[in-house]
Amino acid sequence: LRWLFKMLFSCSKVGDPRPGQPYKGGYFYAFLPDNREGQKTAMLLKKAFEHGLTFQIKSCNGEERVTWGLIPHKTSWDGGKARNGYPDAQYLREVCTVL
């Protein structure tokens, strides 16, 4: 399964690092295996996204931008755990624990 999150440019809200300031959005990809466990994880990740838990706004070199939040996502099909990719035998178990 491949997910695309298109986060638009906007202004930050109360609770963000600099409320009312513009921030940069972007395109974010996430990958899950297309099996029962991956589908279950996808449903949990969808709920987290709907509750605003997937992304956060951070200051980077003087500008605000959207970044991944605290929920780990696989952003590549390969490269292993060190590069946020697969193979990573523990990922689905770990992300479900966080969720």
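Trainee: Which residues line the second largest pocket?

Mentor: Keep in mind that this is a predicted model. The second largest pocket holds about 160 Å³ of space, and its lining has four nonpolar, four polar and four charged residues. By name, the lining is made up of Trp 68, Gly 69, Ile 71, Pro 72, His 73, Lys 74, Thr 75, Lys 81, Asn 84, Asp 88, Tyr 91 and Glu 94.

Trainee: Okay, and which element gives the most to the lining of the largest pocket?

Mentor: That pocket has a volume of about 290 Å³. Of its 15 lining residues, the closest to the centre are Met 7, Lys 13, Tyr 23, Phe 55 and Ile 57. Two elements give two or more residues to the lining, namely β2 (10–11) and β5 (55–60). With three residues, the one that gives the most is β5.

Trainee: How many nonpolar, polar and charged residues does the lining of the largest pocket have?

Mentor: Take Phe 55 and Lys 13, which are among the residues closest to the centre of the largest pocket. Phe counts as nonpolar and Lys as charged. Sorted this way, the lining of the largest pocket comes to eight nonpolar, five polar and two charged residues.

Trainee: What about closed spaces? What is the volume of the largest cavity?

Mentor: Rolling a probe the size of a water molecule over the atoms shows where empty space is left. Here the structure holds one cavity of 30 Å³ or more. Trp 3, Ala 30, Phe 31, Leu 32, Leu 45, His 73, Lys 74 and Tyr 91 line the largest cavity, with six nonpolar, one polar and one charged by class. Its volume is about 40 Å³.

Trainee: Is Thr 54 buried or exposed?

Mentor: Start with where Thr 54 is found: in the loop between α1 (36–50) and β5. Thr 54 touches Leu 45, Ala 48, Phe 49, Thr 67, Trp 68, Gly 69 and His 73, leaving aside residues up to four places away in sequence. The cut-off for buried is under 20% relative accessible area. Thr 54 has 2%, so Thr 54 is buried.

Trainee: Which residue has the backbone nitrogen that the side chain of Thr 54 reaches?

Mentor: Look among the residues that Thr 54 touches, which include Ala 48 and Phe 49. The side chain of Thr 54 comes to 3.3 Å from a backbone nitrogen, and that nitrogen belongs to Phe 49.

Trainee: On to the sheet. Which are the edge strands?

Mentor: The sheet is open, has mixed pairing, and runs in the order β2-β3-β6-β5. An edge strand here pairs on one side only, and that describes β2 and β5.

Trainee: Do β3 and β6 run parallel or antiparallel, and which residue stands opposite Tyr 23?

Mentor: Strands of a sheet pair through backbone hydrogen bonds, either parallel or antiparallel. Strand β3 (residues 22–24) and strand β6 (residues 63–68) run parallel, joined by two bridges. Lys 24 stands opposite Arg 65 in β6. For Tyr 23, the residue opposite in β6 is Glu 64.

Trainee: And what is the phi of Asn 61 in the turn between β5 and β6?

Mentor: β5 and β6 pair over six bridges in the antiparallel sense. One bridge has Cys 60 with its partner Glu 63 in β6. The two strands form a hairpin with two residues between them, and Asn 61 in that turn has a positive phi of about 55 degrees.

Terms used: Residues numbered from 1 in each chain as written. Predicted model: local features only at pLDDT ≥ 70, side-chain atom pairs only at ≥ 80, totals over all residues. Heavy atoms only, no water. 1 Å grid on protein atoms, 1.4 Å probe; cavity = no way out; pocket = protein on both sides within 12 Å on 5 of 7 lines; lining within 4 Å. Points joined across faces, edges and corners; volume = space filled by probe spheres on them. Helix = DSSP H or I, 4+ residues; strand = E, 2+ residues; numbered from the N terminus. Buried < 20%, exposed > 50% of the residue type's maximum accessible area, 1.4 Å probe, protein only. Polar contact = N/O pair within 3.5 Å; in protein donor to acceptor, adjacent residues only side chain to side chain. Contact = heavy atoms within 4.5 Å. Pairing = 2+ DSSP bridges.
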